[in-house]
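Hello,

Here is the structure I promised to pass on to you. Have a look at it first, and then read on for my notes on what turned up.

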Amino acid sequence: MNDAFSSKEVLEEGLPQGSALSCTLFLIYINDLAKHIKAEKALYANDLVIWQSHENVESAAQRLNGDLRRLHEYCQMWKMKVNCGKTVYTIFTKSYKAAKQNIGLRLDSQRLPREEHPTYLGVMLDRQLSL
């Protein structure tokens, strides 16, 4: 543009951003992620959500912390990094007391913040699942 050219840098690993193959190759790359996480999970492209259903909030938190630890180990092994700034938790319940508990979820030694109305794939959720 205007007699200027973009620089052509040589990539030593990975793909150029916007490559037609990048999404497919990423999904192949993380294909075995599901067997490392014991909780229920949903994965759409690079957006992962995990959850536990349990009557006891502390028990669910303990299980989730185990899965978050395994997720961190998986990411370290495959040289990936979770964006902790976008990683949050919420407690879906009709109980006001349970909803206000601070359960102390951690990912890579960082405490995850509780989000009252998390958004997943553009859908804002609330703790009573009334959307």
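Y29 is partly exposed, with a relative accessible area of 38%. In this predicted model, a search of the whole structure finds one aromatic pair. The partners are Y29 and W78, and the pair counts as edge-to-face because the ring planes stand at 75°, with the ring centres 5.7 Å apart. Distant parts of the chain are linked by this pair: Y29 belongs to helix α1 (residues 22–29), while W78 sits in the loop between α2 and α3 (96–99), 49 residues apart. W78 is partly exposed as well, at 32% relative accessible area.

Next, the salt bridges, of which there are two. In one of them, the side chains of R70 and D67 meet at 2.7 Å, N to O. Both residues belong to helix α2 (residues 57–77), and because they are three residues apart there, about one helical turn separates them. How exposed is each partner? R70 is partly exposed, at 23% relative accessibility, whereas D67 is buried, with a relative accessible area of 1%.

R114 and E116 also form a salt bridge through their side chains, at 3.4 Å from N to O. Here R114 is partly exposed at 31%, and E116 is partly exposed too, with 32% relative accessibility.

You may wonder about the cysteines. How many disulfides does the structure hold? The count is zero. For C23, the closest cysteine sulfur is that of C75, and the two sulfurs are 18 Å apart, so they are too far from each other for a bond. C84 also has its closest cysteine sulfur in C75, but the separation there is 9.5 Å, which again is too far for a bond. A disulfide would call for two cysteine sulfur atoms within 2.5 Å, so neither separation qualifies. The surroundings of C23 and C84 can be set side by side: C23 counts as exposed, at 58% relative accessibility, and C84 counts as buried, at 18%.

On to the strands. Strand β1 (residues 40–44) pairs with strand β2 (residues 47–51) in the antiparallel sense, and five bridges join them. One detail to check on screen is E40, whose bridge partner in β2 is W51. The hairpin of β1 and β2 has two residues between the strands, and A45 takes a positive phi there, near 55°.

Finally, the core. In soluble globular proteins, nonpolar side chains tend to be buried together. The largest nonpolar core in this model has 19 residues. Which residues have the most contacts inside this core? They are L33, Y89, I103, L105 and L112. Among the elements, α2 gives the most to the core, with seven residues.

Y89 is a good residue to centre your view on. Leaving aside residues up to four places away in sequence, Y89 touches Q101, N102, I103, G104 and L105, and also L112, P113, R114 and E115. Three of the names in that set, I103, L105 and L112, are listed with Y89 among the residues with the most contacts inside the core. R114 is the residue you met above in the salt bridge with E116.

Happy to go through any of this with you.

Best wishes

Terms used
Residues are numbered from 1 along each chain as its sequence is written. This is a predicted model: local features need pLDDT of at least 70, side-chain atom pairs count only at pLDDT 80 or more; totals for chains, interfaces and linings use all residues. Side-chain values use heavy atoms; hydrogens and water are left out. Buried means under 20% relative accessible area, exposed over 50%, partly exposed in between (1.4 Å probe, protein chains only). A salt bridge is a side-chain nitrogen of Lys or Arg within 4 Å of a carboxyl oxygen of Asp or Glu. Helices (H or I, at least four residues) and strands (E, at least two) are DSSP runs, numbered from the N terminus. Two strands pair if DSSP finds at least two bridges between them. Rings of Phe, Tyr and Trp (its six-membered ring) pair if their centres lie within 6.5 Å; planes under 30 degrees apart count as stacked, over 60 as edge-to-face and the rest as tilted. A nonpolar core is a set of buried Ala, Val, Leu, Ile, Met, Phe, Trp, Tyr and Cys residues joined through side-chain atoms within 4.5 Å. Contact means heavy atoms within 4.5 Å.
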